[in-house]
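The following exercises concern a single protein model. Each task is followed by a solution that proceeds step by step.

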Amino acid sequence: LIKGGHAEGADMTDTLYTTDGKTYTYSSPRITSTNLHGTGCTLSSAIASNLAKGQALQAAVANAKEYIFAGASHVIVTSYLFEDGEFSMDRLLKMEEAVGKEHLVIDLSCRKRVKNYYVVTNRWQDFTEQKVTKEFLEELSDHCAEFLIHGVDSEGKRQGVEEDLLEILGEYEGNPITYAGGVKDFDDLDTIRELGNNHVDVTVG
C-alpha cells in the first residue's frame, strides 16, 4: 500500500498493489491540519485488525481508510482548557486556531457538588471553579463543533443517568451533545430523550 499523504491536491489517494498484479485506489478528501502525525501507523494497525477479523484485503484497506478519515476529522480537547482550576479562553482560542472550529470537540467531565455541577480534571479528582450551565455551553459553542459530556459519578456503573445534569443539557440549544454516564436500560434512554429535549445523543458502554 503506497500512501498519498504527501502528494498535492484536494483529495488524498492511496494505492494498493497486490501479488496478482492488480491495482486498487482509495481516495478521501484531504484534511488540512498539522496534527496528523501517526495516522500511517494507525492505518496499518486498522488494516491488520480488519484482516484478523476475516475481511478480504481490499475491504480491510477500505474500511481502515474510512476509520482513519472519521477519526482524523475531529480533535477532542479536555482538561487542557483549564489552568489552575480556571477556564482559559486563551487556550480554547489556540485550539480553535490550530484545528478549526468545525473539527473541535470539547469534552467536559462533570461532577456535582452541593447543588451545582462543576467541570473536574485530573482523572475526575480535582474540581475546577467552572460551573456547568447553559450559559457556559453557549460561550463555548462559538468555538467548537460538538460537546462530549461525562456524568462522572455514574459513568461505568450502569446505575442510572444523572438527571440534573441532563436537565442542564436540555436547556442548551446549539451544537450537538453526546452524554455519557450510567445508562442501564431502555428507560434511561427515554429519560435522556425527555430531559434532553430530544437533542442529546448518548454513548453506552
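**Exercise 1. Classify both members of an aromatic pair by burial, then describe the pair.**

Step 1. Phenylalanine 147 has a relative accessibility of 1% and therefore counts as buried; buried means under 20% relative accessible area, exposed over 50%, and partly exposed in between (1.4 Å probe, protein chains only).

Step 2. Tyrosine 172, with a relative accessible area of 1%, is buried.

Step 3. The ring centres of phenylalanine 147 and tyrosine 172 are 5.8 Å apart and the planes stand at 85°, so this pair is edge-to-face. Rings of Phe, Tyr and Trp (its six-membered ring) are paired if their centres lie within 6.5 Å; planes under 30 degrees apart count as stacked, over 60 as edge-to-face and the rest as tilted.

Step 4. The pair links distant parts of the chain, 25 residues apart: phenylalanine 147 lies in strand β9 (residues 146–151), and tyrosine 172 in the loop between α5 and β10 (177–180).

The basis of these values should be stated here. The model is predicted, so that local features need pLDDT of at least 70 and side-chain atom pairs count only at pLDDT 80 or more, while totals for chains, interfaces and linings use all residues. Residues are numbered from 1 along each chain as its sequence is written, and side-chain values use heavy atoms, with hydrogens and water left out.

**Exercise 2. Give the overall dimensions and composition of the protein.**

Step 1. The protein has six helices and 11 strands. Helices (H or I, at least four residues) and strands (E, at least two) are DSSP runs, numbered from the N terminus.

Step 2. Along the principal axes, the C-alpha atoms fill a box of roughly 65 × 40 × 30 Å.

Step 3. Among the 205 residues of the protein, 40% count as buried.

**Exercise 3. How many aromatic pairs does a search of the whole structure find? Describe a further example.**

Step 1. The search yields four aromatic pairs.

Step 2. Tyrosine 118 and phenylalanine 127 make an edge-to-face pair, with 6.3 Å from centre to centre and 80° between the planes.

Step 3. Tyrosine 118 counts as buried because its relative accessibility is 11%, whereas phenylalanine 127 is partly exposed at 28%.

Step 4. Phe82, Phe87 and Phe136 belong to one aromatic cluster.

**Exercise 4. Locate the salt bridges around helix α6 and state the accessibility of the partners.**

Step 1. The whole structure contains seven salt bridges, a salt bridge being a side-chain nitrogen of Lys or Arg within 4 Å of a carboxyl oxygen of Asp or Glu.

Step 2. Aspartate 190 and arginine 193 form one of them, with the closest N and O atoms 2.8 Å apart. Both residues lie in helix α6, three residues apart, or about one turn of the helix.

Step 3. Aspartate 190 is partly exposed at 42% relative accessibility, and arginine 193 is partly exposed at 45%.

Step 4. Aspartate 188 and lysine 184 also meet in a salt bridge, at 3.5 Å from N to O. Here aspartate 188 is buried, with a relative accessible area of 6%, while lysine 184 counts as partly exposed at 45%.

Step 5. Lys184, Asp185 and Asp188 are linked in a network of salt bridges.

**Exercise 5. Analyse the salt bridge between arginine 91 and glutamate 83.**

Step 1. The closest N and O atoms of this bridge are 3.5 Å apart.

Step 2. Arginine 91 has a relative accessible area of 23% and is therefore partly exposed. Glutamate 83 is likewise partly exposed, at 40% relative accessibility.

**Exercise 6. Which residues gather in a patch of negative charge on the surface, and which element gives the most to the negative patch?**

Step 1. The patch consists of Glu135, Glu138, Glu163, Glu167, Glu171, Glu173 and Glu194. Patches are made of residues with over 30% relative accessible area and no salt bridge, like charges being joined within 9 Å and nonpolar side chains (Val, Leu, Ile, Met, Phe, Trp, Tyr) within 5 Å.

Step 2. Two or more residues come from each of α4 (134–141) and α5 (163–171). Helix α5 gives the most, with three residues.

Step 3. Glutamate 194 is in helix α6 (residues 186–195); at 61% relative accessibility, glutamate 194 counts as exposed.

**Exercise 7. Where is threonine 18 found, and is it buried or exposed?**

Step 1. Threonine 18 is in the loop between β1 (11–17) and β2 (23–29).

Step 2. Threonine 18 is buried, since its relative accessible area is 18%.

Step 3. Threonine 18 and leucine 57 are separated by 39 residues in sequence and by 9.0 Å in space, C-alpha to C-alpha.

Terms used. Accessible areas come from the Shrake-Rupley method with a 1.4 Å probe; for residues, only the protein chains shown count as cover. Lys and Arg count as positive and Asp and Glu as negative; His and the chain ends are not counted. The place of a charge is taken as NZ of Lys, CZ of Arg, CG of Asp or CD of Glu.
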